[in-house]
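Got your viewer open and a selection box ready? Let's take a walk through this one, stop by stop.

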Amino acid sequence: MQMKESNKLDNKLINKIIKVAYGDADIFSWVYIRLKSLTNKEVKLILEEYRQTANVVHKLKQEDIPEHINERIKSVTGITDKSESLFASFSYRIFSFFGSKAIPAAVIGILIIVIVSIFIFKEPSPPHKYSKAEIELAQRQFQKSLAIVGSAFQKAEKRFSDEILKNQINKNLNRGYYLVNNILIGG
Amino acid sequence: MIITAKFDYLVKQHKKKIYNYALYMMKNQMDAEDVTQEVLIRTWQNINKFNFYAAKGWMMRTTHNLCIDYLRKHKKKNYSEVELVEDYRTEIADQDLESNPGKMADKIITDETIKSAIENLPEKIKSPFVLYELQEFKYKEISKILDIPLNTVRVNILRARKQLQKELKNYADERIK
């Protein structure tokens, strides 16, 4: 018994074809079905049928709500065109503006860009300016430290000349001269 | 004043969706108008009970529940109880596609035909189909509105597409005869 080609199409493949036709298939399914439709007549036909229906479905116009319903709602809620104050209409605009999530997202995006740019292009901070008192204090501290160093040098010099030079070096030198004289002169 | 503005905004934004959903569900203008009016009044009465961004879901859920209540109360057998065609293969196999390539494409499918075919879908698969294809709700939103699992939403939309195609095919075949 000769089976028709259509019988070979399994349910999974048909589901994929439908999804592609209605435009909500993933990219891999889309490519797969597109390629398949080039070689398989039946796939092409089913795809075409569903796509035609999908196009009409997606283009169906929405009916407008009858005016008398608006009037009935106004009478029940007590909202009239006159009751809309400036504040109310302003609030409405705010609600309409932020009603869409895209707008807050865009605002947040712009804020992030602005903050990041401020950090990136921020000028280096100017050098710190010292006060007169700070400068004087620094000078005093510098002089004090110089005086400490100077006194240390003086102490060292005095000790060198008084103790080391006189007692240790001169004494030994004199002893040396004495010995040399004794040897050379012989008495 | 801010409540008035909020209500006014919600009505302007969603009344068309509510009315059209009710039209597809109720299949007649009078009942659809009643449902729409009831939903809008309930929205006004509960305006402080829901978050501004959750309002859309709340309004559509109320619309759906009211439609179901109306259909039950009026005992309208608007939807056929026929079993869904789970497998499209048998149907395709019955037709001599090779001898008639582009058979469906040659037939004129008018807006009214499609609308009528959508209206005739069983309620279980019609709701997610209308919300997804015509009202542009996401699967997740539909799942919340109809209080059914996400996967059921997907499956029912797929079934509705198949069923709709079948209805249109039948219609086209009748016209050819």
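## Stop 1: a helix in chain A

Go to the end of α2(A) and select the residue that follows, A:G23: its phi is positive, near 80°. Before you read too much into any angle, keep in mind that this is a predicted model.

Now select the helix itself, residues 11–22 of chain A. α2(A) has 12 residues and reaches 17 Å from its first C-alpha to its last, close to the 16 Å expected at 1.5 Å a residue. Colour its buried residues next: A:I14, A:K16, A:I17, A:I18, A:K19, A:V20, A:A21 and A:Y22. Two lysines, A:K16 and A:K19, are on that buried list.

From A:I18, jump to A:E49, which sits in helix α4 (residues 41–58) of chain A. How far apart are A:E49 and A:I18 in sequence and in space? They are 31 residues apart in sequence and 9.4 Å apart in space, C-alpha to C-alpha. Is A:E49 buried or exposed? A:E49 counts as buried, because it has 25 C-beta neighbours inside 10 Å, and 20 or more is what it takes.

## Stop 2: where chain A meets chain B

Select helix α5 (residues 67–77) of chain A together with helix α2 (residues 29–45) of chain B. Their axes come within 10 Å and cross at roughly 30°. That angle is under 35 degrees, so α5(A) and α2(B) are roughly parallel to each other. The crossing is right-handed.

To see who is touching whom, show side chains for A:I69, A:R72, A:I73, A:V76 and A:T77 on the α5(A) side, and for B:E33, B:T36, B:Q37, B:L40, B:I41 and B:W44 on the α2(B) side. Colour this contact by class and you get 6 nonpolar, 3 polar and 2 charged residues.

## Stop 3: chain B as a whole

Hide chain A for a moment. Chain B has 8 helices and 0 strands, so a cartoon view reads α-α-α-α-α-α-α-α along the sequence. Of its 177 residues, 37% are buried. Take the contacts in chain B with a separation of 6 or more: residues 24 or more positions apart account for 70% of them.

On the way to the next helix, click on B:K27, in the loop between α1 (2–26) and α2 of chain B. Its phi is near 65°, a positive value in a residue other than glycine. Most residues other than glycine have a negative phi. B:K27 counts as partly exposed because it has 16 C-beta neighbours inside 10 Å.

## Stop 4: α6 of chain B and the loop after it

Select residues 123–134 of chain B, helix α6. Its 12 residues should span 16 Å at 1.5 Å a residue, and its end C-alpha atoms are 15 Å apart, which agrees. This helix is mostly covered, with 9 of its 12 residues buried. Which residues of α6(B) are buried? Highlight B:I125, B:K126, B:S127, B:P128, B:F129, B:V130, B:L131, B:Y132 and B:E133.

Step on to B:E136, in the loop between α6 and α7 of chain B. Here is another positive phi, about 60°, although B:E136 is not a glycine. B:E136 counts as exposed because it has 10 C-beta neighbours inside 10 Å.

## Stop 5: α7 of chain B and two of its partners

Add helix α7 (residues 139–146) of chain B to your selection. α6(B) and α7(B) pack at an angle of about 140°, with their axes 10 Å apart, and that makes α6(B) oblique to α7(B). The crossing is right-handed. For the contact, show B:S127, B:P128, B:L131 and B:Y132 in α6(B), which meet B:I142, B:I145 and B:L146 in α7(B). By class there are 6 nonpolar residues, 1 polar and no charged.

Keep α7(B) on screen and bring in helix α3 (residues 55–73) of chain B. These two pack at an angle of about 50°, with their axes 8 Å apart, which makes α3(B) oblique to α7(B). This crossing is right-handed too. B:G57, B:M60, B:R61 and B:H64 in α3(B) meet B:E141, B:K144, B:I145 and B:L146 in α7(B). Here the classes are 3 nonpolar, 2 polar and 3 charged.

For a last view, label B:I145 and B:L146: both take part in the contact with α6(B) and in the contact with α3(B).

Terms used:
Residues are numbered from 1 along each chain as its sequence is written. Chains are lettered from A and ligands numbered from 1 in the order in which they are written. Helices (H or I, at least four residues) and strands (E, at least two) are DSSP runs, numbered from the N terminus. The expected span of a helix is 1.5 Å times one less than its number of residues. Two residues are in contact if their C-beta atoms, placed from the backbone, lie within 7 Å. Axes are lines fitted to C-alpha atoms, for helices over the stretch in contact, and angles run from 0 to 180 degrees between N-to-C directions. Angles under 35 degrees count as roughly parallel, over 145 as roughly antiparallel, 65 to 115 as roughly perpendicular and the rest as oblique. A crossing is left-handed if the near helix is turned anticlockwise from the far one by less than a right angle, and right-handed if clockwise. Ala, Val, Leu, Ile, Met, Phe, Trp, Tyr, Cys and Pro count as nonpolar, Asp, Glu, Lys and Arg as charged, and the others, Gly among them, as polar.
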